[in-house]
There are 2 protein chains.
Amino acid sequence: MSYPTCLFCKIVGGTIPATIVHQDDHVIAFEDINPQAPTHVLVIPRTHIASLDTLGDGDHETVGRVLHRAAEIARSRGLMPDGYRVVLNCGPAAGQTVYHIHAHLLGGRGFGWPPG
Amino acid sequence: MSYPTCLFCKIVGGTIPATIVHQDDHVIAFEDINPQAPTHVLVIPRTHIASLDTLGDGDHETVGRVLHRAAEIARSRGLMPDGYRVVLNCGPAAGQTVYHIHAHLLGGRGFGWPPG
């Protein structure tokens with residue numbers, strides 16, 4: 001399902017440009033336009049899910065694929081064995097700005113704690 | 001599958017105590033012992049998966065359930081509509097200390113960017 005007003009659905013549909021680093025039948029990944037680490041890629045499902053808060057029982061496979069793909073991109077970027085952080089923001093307190101669920105894959109440096 | 005030397009497998013098995021906030025056939029959630037926010041819960045699969053880096057194609061449903069459960073705990077804690085952050089650390093650069101995959105659910109305050 002695609003939402004006409006959703007920025008990331010437009011990237012999925014190819015009507016807004018992005019630096020795509022991976023795409024398959026289920027998942028697209030592209031460079032964050034405001035990177036916070038040497039690697040900062042957004043991994044999203046093609047289908048529109050607004051956020052973690054709107055996940056349903058039928059979405060497990062989809063969001064599992066998103067995390068698995070993030071891990072595969074991390075390996076392809078040489079982020080292992082050092083490691084990387086994956087972050088999902090939900091709602092304004094966490095800074096979610098686009099309401100199409102996305103995993104931030106961040107790597108290439110060390111990460112402090114707490115995570116923001 | 002359970003690993004005898006894994007701290008979180010021991011929590012799953014009940015041989016190490018934790019403040020459990022949810023358990024079902026697939027997922028367990030418990031309070032982080034070093035909380036970084038008013039809500040800081042760890043959500044893990046019962047089955048042993050070491051990290052994002054060891055995910056396989058057969059694990060999508062399992063890790064999808066972990067994220068979905070994190071979202072449901074967030075709602076039950078009243079973290080919406082303000083929001084919350086979910087973080088998965090993989091490897092030493094991100095600060096992963098227990099090699100049983102876990103999602104940090106953090107909420108009850110605002111979160112800065114970058115996430116660590």
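Tutor: Helices are DSSP runs of H or I with at least four residues, strands are E runs of at least two, and both are numbered from the N terminus. The model is predicted.

Student: In which loop is Thr15(B) found?

Tutor: Two elements of chain B flank Thr15(B). The loop is the one between α1 (7–13) and β1 (20–23) of chain B.

Student: Is Thr15(B) buried or exposed?

Tutor: The cut-off for exposed is over 50% relative accessible area. Thr15(B) has 61%, so Thr15(B) is exposed.

Student: What separates the C-alpha atoms of Thr15(B) and Arg75(B)?

Tutor: Along the chain, Thr15(B) and Arg75(B) are 60 residues apart. In space, their C-alpha atoms are separated by 29 Å.

Student: Now the sheet. Which are the edge strands of the 10-strand open sheet?

Tutor: The order is β1(A)-β2(A)-β3(A)-β5(A)-β4(A)-β4(B)-β5(B)-β3(B)-β2(B)-β1(B), with antiparallel pairing. An edge strand here pairs on one side only. The edge strands are β1 (20–23) of chain A and β1 of chain B.

Student: What is the average twist from one strand to the next?

Tutor: Take the sheet of 10 strands in its order. From one strand to the next, the twist averages 20°.

Student: How many bridges join β4(A) to β4 of chain B?

Tutor: Both strands span residues 84–90, and they run antiparallel. One partnership pairs Asn89(A) with Arg85(B). The number of bridges joining β4(A) to β4(B) is seven.

Student: In β5(A), which residue is the bridge partner of Arg85(A)?

Tutor: Strand β4(A) is joined to β5 (residues 103–107) of chain A by four bridges, and the two run antiparallel. For Arg85(A), the partner in β5(A) is Leu106(A).

Student: How many of the seven residues of β4(A) are buried?

Tutor: Tyr84(A), Val86(A), Leu88(A) and Cys90(A) point one way, while Arg85(A), Val87(A) and Asn89(A) point the other way. In a regular strand, side chains alternate between the two faces of the sheet. Residues on both sides of β4(A) are buried. The strand is therefore largely enclosed by the rest of the structure, and the buried count is seven of seven.

Student: On the chain B side, what is the bridge partner of Val43(B) in β5(B)?

Tutor: Strand β3 (residues 39–45) of chain B and β5(B) pair in the antiparallel sense over five bridges. Val43(B) has as its partner Ala103(B).

Student: At what angle does α2(B) run to β3(B)?

Tutor: Helix α2(B) packs on the sheet. The strands touched are β4 of chain A and β1, β2 (27–31), β3, β4 and β5 of chain B. The direction of α2(B) makes with that of β3(B) an angle of about 155°.

Student: How far apart are the axes of α2(A) and α2(B)?

Tutor: Each helix covers residues 60–76 of its chain, and the two pack at an angle of about 100°. Angles of 65 to 115 degrees count as roughly perpendicular, so α2(A) and α2(B) are roughly perpendicular to each other. Their axes are apart by 7 Å.

Student: How many charged residues does the contact of α2(A) with α2(B) have?

Tutor: In α2(A), the residues in contact include Glu61(A), Arg65(A) and Leu67(A), and in α2(B) they include Glu61(B), Arg65(B) and Leu67(B). By class, the contact has four nonpolar and six polar residues. The charged residues number four.

Student: What is the N to O distance in the salt bridge of Arg69(A) and Glu72(A)?

Tutor: These residues are three apart in α2 of chain A, separated by about one helical turn. Arg69(A) is partly exposed at 22%, and Glu72(A) is partly exposed at 25%. The N to O distance is 2.9 Å.

Student: And how far apart are the closest N and O atoms of Arg65(B) and Glu61(B)?

Tutor: Arg65(B) and Glu61(B) are four residues apart in α2 of chain B, about one helical turn. Arg65(B) has a relative accessible area of 28%, and Glu61(B) has 31%; each is partly exposed. Their closest N and O atoms are apart by 3.6 Å.

Student: Which residue does a cis peptide bond join to Met80(A)?

Tutor: Most peptide bonds are trans. Here omega is about 10°. The partner is found in the loop between α2 and β4 of chain A. The residue is Pro81(A).

Technical notes:
Residues are numbered from 1 along each chain as its sequence is written. Chains are lettered from A and ligands numbered from 1 in the order in which they are written. This is a predicted model: local features need pLDDT of at least 70, side-chain atom pairs count only at pLDDT 80 or more; totals for chains, interfaces and linings use all residues. Side-chain values use heavy atoms; hydrogens and water are left out. Buried means under 20% relative accessible area, exposed over 50%, partly exposed in between (1.4 Å probe, protein chains only). Two strands pair if DSSP finds at least two bridges between them. Axes are lines fitted to C-alpha atoms, for helices over the stretch in contact, and angles run from 0 to 180 degrees between N-to-C directions. Angles under 35 degrees count as roughly parallel, over 145 as roughly antiparallel, 65 to 115 as roughly perpendicular and the rest as oblique. Contact means heavy atoms within 4.5 Å. Ala, Val, Leu, Ile, Met, Phe, Trp, Tyr, Cys and Pro count as nonpolar, Asp, Glu, Lys and Arg as charged, and the others, Gly among them, as polar. A salt bridge is a side-chain nitrogen of Lys or Arg within 4 Å of a carboxyl oxygen of Asp or Glu.
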